[in-house]
Amino acid sequence: MVQRRSRTTVARRQRRRVRAAALSAAAALALALGLAACSGGGGGPAAPATTAAATAPRPSSPAKLTIVTPRNGQTVRQDRPEVRVDLTGAKIVNQTTTRIEGDQGHLHLLVDGKLVTMNYGLSQRLPQLPPGQHVVQAEFVAADHAPFDPRILTQAAFVVAG
């Protein structure tokens, strides 16, 4: 009987180790994929990063973010309009880290609900847009690419002239 219990206990421990290793591998893969998506820096569409850090309690930020151009309701003549934002109470940093500080991060720009770029400055040309109405969103995110709580997000609806 003692030998049987010991085999059962060993088997349970092995299953726990396998589950823990699988969870660790999944978390590492999610982090790597999220960082790869965010480090592209280009203009290609990408899904917002989802990492294990995104499920942990998030810090707040004193940052205030405003879209300077295009203004809400503005008609622009360029099919690749420039987005300029004003950021106060925080600064842009270009290193990725899990040591989050509320006053450090970078920008994620979305057009019509799709992430188009991660930006380490206060201006960025958008990808080519068809004529018509569009919504640009700018979000100040932490250095781990996940949002603050509450989110630092602003948006403007504008029209690309045909």
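Contact here means heavy atoms within 4.5 Å. The model is predicted: local features need pLDDT of at least 70, side-chain atom pairs count only at pLDDT 80 or more, and totals for chains, interfaces and linings use all residues. Residues are numbered from 1 along each chain as its sequence is written, and side-chain values use heavy atoms, with hydrogens and water left out.

## Overall build

The protein holds one helix and nine strands. Both kinds of element are DSSP runs, numbered from the N terminus: helices are H or I with at least four residues, strands are E with at least two. Along the sequence the pattern reads α-β-β-β-β-β-β-β-β-β.

Of the 162 residues, 33% count as buried. Buried means under 20% relative accessible area, exposed means over 50%, and partly exposed lies in between, with a 1.4 Å probe and protein chains only. The accessible surface comes to about 9,700 Å². Carbon and sulfur atoms hold 53% of that surface. These areas come from the Shrake-Rupley method with a 1.4 Å probe; for residues, only the protein chains shown count as cover. Among contacts between residues at least 6 apart in sequence, 66% join residues at least 24 apart.

## The three-stranded sheet

Three strands form an open sheet in the order 1-3-7, with antiparallel pairing. Strand 1 (64-69) and strand 7 (123-125) are the edges; each has a single partner strand, so one side of each lacks a neighbour in the sheet. Neighbouring strands of this sheet are turned by 25 degrees against each other on average, direction ignored. Axes are lines fitted to C-alpha atoms, for helices over the stretch in contact, and angles run from 0 to 180 degrees between N-to-C directions.

Two strands pair if DSSP finds at least two bridges between them. Strand 1 and strand 3 (residues 82-88) are joined by five bridges in the antiparallel sense. Lysine 64 faces threonine 88 of strand 3.

Threonine 69 also belongs to strand 1. Threonine 69 counts as buried because its relative accessibility is 16%. Leaving aside neighbours within four places in sequence, threonine 69 is in contact with Glu82, Val83 and Arg84.

## The hairpin of strands 5 and 6

Strand 5 (residues 104-111) and strand 6 run antiparallel, joined by five bridges. Histidine 108 has methionine 118 in strand 6 as its bridge partner. Strand 6 (residues 114-119) is mostly covered, with five of its six residues buried. The two strands form a hairpin with two residues between them. Aspartate 112 sits in the turn.

## Backbone exceptions

Most residues other than glycine have a negative phi, and most peptide bonds are trans. Four places depart from this pattern in the table below.

| Site | Feature | Value |
|---|---|---|
| Threonine 69 to proline 70 | cis peptide bond | omega near -5 degrees |
| Aspartate 149 to proline 150 | cis peptide bond | omega near 5 degrees |
| Aspartate 112 | positive phi | near 55 degrees |
| Histidine 145 | positive phi | near 75 degrees |Proline 70 lies in the loop between strand 1 and strand 2 (75-76). Proline 150 lies within strand 9 (residues 147-160). Aspartate 112 is in the loop between strand 5 and strand 6. Its relative accessible area is 42%, so aspartate 112 is partly exposed. Histidine 145 is in the loop between strand 8 (132-142) and strand 9. Histidine 145 is buried, with a relative accessible area of 3%.

## The nonpolar core

A nonpolar core is a set of buried Ala, Val, Leu, Ile, Met, Phe, Trp, Tyr and Cys residues joined through side-chain atoms within 4.5 Å. The largest one has 23 residues. Leu65, Val85, Leu126, Val136, Phe140 and Phe158 touch the most other members. Strand 1, strand 3, strand 5, strand 8 and strand 9 each supply at least two residues of this core. Strand 9 gives the largest share, five residues.

Valine 136 has contacts with several parts of the chain. Neighbours within four places in sequence aside, its partners include Ile67, Val83, Leu110, Leu126 and Phe158. Pro70, which follows the cis bond from threonine 69, is also in contact with valine 136.

The structure holds one aromatic pair. Phenylalanine 140 and phenylalanine 148 are stacked, 5.5 Å centre to centre with 20 degrees between the planes. Rings of Phe, Tyr and Trp (its six-membered ring) pair if their centres lie within 6.5 Å; planes under 30 degrees apart count as stacked, over 60 as edge-to-face and the rest as tilted. Both phenylalanine 140 and phenylalanine 148 are buried.
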